[in-house]
Every structure is written in C-alpha cells, then in structure tokens.
Amino acid sequence: MSEMANESTGRAQQAGQTAKQEASATAGQAREGASQVVGTATDQVRAVTGEARAQAGAMAGDLRTRVTEEAESQARRGAQVMRQWADDLSGLADSADADSPARSLVTQAADRGHRAADYLDSRGVGGLVDDLQDFARRRPGAFLGGAVVAGFAVGRLAKAGSKADGSGPGRSAQPRTSGSRSLHEDAAPPGLPGLGEA
C-alpha cells in the first residue's frame, strides 16, 4: 500500500511539475504575443501619424499656394482698377483749363496712381508685404500710427457703405414726418431762402 501511495504521490508531483511548466510556457507565449501586438500597434500608430502629418503638410502647402495665388490675382485686379482711375484722372486733367489750379492736383494724383499700379504689377503682394515689414522695422511708430489711421478710415468707409445701402442701424429709428413739405425741403436746414422757413 505504501508503494502505491508513494507512486501516486510521485505521479501527482510529476503532474504538478508538468502543469507548472505548461503554465509557465503558456504565460511566456502570451507575453510574447502581447509584446508583438503592442509592437505592431505602435508601428501602425507611427505610420498613421506620419501619414497624417504628411497630408496636413501637403494641405497647408496647397492652402498657402491658393492664398498666394488669390492675393496675387487681387493685386493684379487692384492694379488694373488703379490704372483705370489714373487714366480717368489724366483725361480730366487734359480737358481742364491750362491755368486751373485743380489741373496740377489732378495730374499729380494721376501720376501717383500710375506709379502705384506699376508698383503692384511689378512687385505683387509679396513685394508689398516685404516693403511694409521693412518700413515697420525702420519706423515702428509711424507704421502703427498709419495702421490706426487706416483702420479708422476703413471702419468709417464700412459704416458709410452700410448706411448707403439701407442696412445702417439707425435707419428705422428715424421718425417719418407727414406734411406738405417735400423730401428736399425736409433735408434742407431752416432759414435758407426758398426752402424751409422764410
């Protein structure tokens, strides 16, 4: 009996050791598999990130090219409009009296318009930006003052434009008056002869 007990104890120990060895081999295989999965996932994440970066760079480059092309196109159109205005001013100056003081002012404005149009044609937006940056570095106070004045002027022009097309904020707030006076009389200040009060 004791031999059987010893034999079954030996078998149990052997089975336990076999189970331990198999469990440790399975754990090792699981670790290897997990590390391979992690490595593959990391490689895929790197590949996707690199591809996303490349696509973002290509999109940014494409957008920059489009913006530059559009700015250059606008600059060319602006130069054409400026040249047309300068030509119109030159025509006005040619038809004005020779001794008229306004003729010299109009001629100067036309010359400056032609020079500005030529500058825009030759230098484009890039040259304009470079010159503005250079001026801002040399004279920052004058540049900031000019920017404030330009911003104020653009704001006033935008406000005047919105009033002219009827979308101004104070349009509906003005009361309408009824009476026999015409619109021309309503707009005229009182006290002018023939209009308003006599």
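**Salt bridges, a nonpolar patch and model confidence**

R123 has a relative accessible area of 40%, so this residue counts as partly exposed. The structure described here is a predicted model. The side chain of R123 meets that of D131 in a salt bridge, with 3.1 Å from N to O. D131 is also classed as partly exposed, because its relative accessibility of 31% falls between the 20% and 50% limits. Elsewhere, salt bridges with shared partners join R83, D118 and D121 into one network.

The protein contains four helices and zero strands. Read from the N terminus, the order of elements is α-α-α-α. Helix α1 covers residues 2–95, and helix α2 covers residues 101–138. Helix α3 spans 140–164, and helix α4 spans residues 183–187.

The salt bridges of R83 come next. In total, five salt bridges are counted in the model. One of them pairs R83 with D118, and their closest N and O atoms lie 2.6 Å apart. This pair links distant parts of the chain: R83 sits in helix α1 and D118 in helix α2, with their positions 35 residues apart in sequence. R83 also forms a salt bridge with D121, where the closest N and O atoms are 2.9 Å apart. Here R83 belongs to helix α1 and D121 to helix α2, so the bridge ties together parts that are 38 residues apart in sequence.

How buried or exposed are the members of this network? R83 has 23% relative accessibility and therefore counts as partly exposed. The value for D118 is 44%, which means that D118 is partly exposed. D121, at 41%, is partly exposed as well. The cut-offs explain these labels: a residue is buried under 20% and exposed over 50%, so values in between are called partly exposed.

Another aspartate can be placed relative to R83. D111 lies in helix α2. D111 and R83 are 28 residues apart in sequence, and their C-alpha atoms are 9.7 Å apart in space. D111 has a relative accessible area of 38%, so D111 too is partly exposed.

The surface also carries a nonpolar patch. L128, L132, F143 and L144 make up this patch, which has an area of about 330 Å². Helices α2 and α3 each supply at least two of its residues. L132 is found in helix α2. Why is L132 classed as partly exposed? Its relative accessibility is 42%, and that value leads to the label because it lies between the limits of 20% and 50%.

Totals for the protein add context. Of its 198 residues, 8% are buried. The accessible surface comes to about 15900 Å², and carbon and sulfur atoms account for 58% of that area. Contacts between residues at least 6 apart in sequence were also considered. Among them, 44% join residues at least 24 apart.

Confidence varies along the chain. The mean pLDDT of the protein is 74, and 75% of its residues reach 70 or more. Which elements have the lowest and the highest mean pLDDT? Helix α4 has the lowest, at 45, and helix α2 the highest, at 85. Over residues 170–198, pLDDT stays under 50. For this stretch, the model has ten contacts beyond four places in sequence. Predicted coordinates should not be read in detail where pLDDT is low.

Definitions and conventions. Residues numbered from 1 in each chain as written. Predicted model: local features only at pLDDT ≥ 70, side-chain atom pairs only at ≥ 80, totals over all residues. Heavy atoms only, no water. Salt bridge = Lys/Arg side-chain N within 4 Å of Asp/Glu carboxyl O. Buried < 20%, exposed > 50% of the residue type's maximum accessible area, 1.4 Å probe, protein only. Patch = residues over 30% accessible without salt bridge, like charges linked within 9 Å, V, L, I, M, F, W, Y side chains within 5 Å. Areas by Shrake-Rupley, 256 points an atom, 1.4 Å probe, with all protein chains shown as cover. Contact = heavy atoms within 4.5 Å. pLDDT = per-residue confidence, 0-100.
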